[in-house]
Amino acid sequence: MTDLNDVKKNLEDLSFEEQLQRLEEIVEILDDGEAALDEMLALYEEGMQRSHYCREYLEKAEQKVMLIQNS
């Protein structure tokens, strides 16, 4: 079962690419539908946290590109 404290701890420890890889793993597990409901809920919450982190990361990268282009 996914420990959300571990998720919060390693959100910033993993690279963007590693976050995406973990998101893909979560989607596969959820799509499979074989996990217990409690585990699926925990995975869904983990996925949402990682998705939010990746979205913010991409927004910051986009802002950085805009700054570079405008300088």
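**Notebook: charges on a three-helix chain**

I started at Glu34, which counts as exposed at 64% relative accessibility. This is a predicted model. I placed Glu34 in the loop between α2 (16–32) and α3 (37–70). Then I looked for its charged company. Glu34 forms a negative surface patch with Glu24, Glu28, Asp31 and Asp32.

Next I checked the overall fold. I found three helices and zero strands, in the order α-α-α along the sequence. The chain has 71 residues, and 24% of them count as buried. I looked at contacts with a separation of 6 or more: 71% of them join residues 24 or more positions apart. The exposed area is about 5,600 Å², with 52% supplied by carbon and sulfur atoms.

Then I turned to salt bridges. I count three. Arg22, Glu25, Glu46 and Arg50 are linked in a network, and I walked through it pair by pair.

- Glu25 to Arg22: the closest N and O atoms are 3.3 Å apart. Both residues lie in helix α2, three residues apart, about one turn. Glu25 counts as partly exposed, at 34% relative accessibility.
- Arg22 to Glu46: the closest N and O atoms are 2.7 Å apart. Arg22 is in α2 and Glu46 in α3, so this pair ties together parts 24 residues apart in sequence.
- Glu46 to Arg50: I read 2.9 Å between the closest N and O atoms. Both lie in helix α3, four residues apart, about one turn.

Last, I asked whether Glu46 is buried or exposed. Glu46 is buried, with a relative accessible area of 1%. Its partner Arg50 is buried too.

Key: Residues are numbered from 1 along each chain as its sequence is written. This is a predicted model: local features need pLDDT of at least 70, side-chain atom pairs count only at pLDDT 80 or more; totals for chains, interfaces and linings use all residues. Side-chain values use heavy atoms; hydrogens and water are left out. Helices (H or I, at least four residues) and strands (E, at least two) are DSSP runs, numbered from the N terminus. Buried means under 20% relative accessible area, exposed over 50%, partly exposed in between (1.4 Å probe, protein chains only). Contact means heavy atoms within 4.5 Å. Accessible areas come from the Shrake-Rupley method with a 1.4 Å probe; for residues, only the protein chains shown count as cover. Patches are made of residues with over 30% relative accessible area and no salt bridge: like charges are joined within 9 Å, nonpolar side chains (Val, Leu, Ile, Met, Phe, Trp, Tyr) within 5 Å. A salt bridge is a side-chain nitrogen of Lys or Arg within 4 Å of a carboxyl oxygen of Asp or Glu. Lys and Arg count as positive and Asp and Glu as negative; His and the chain ends are not counted. The place of a charge is taken as NZ of Lys, CZ of Arg, CG of Asp or CD of Glu.
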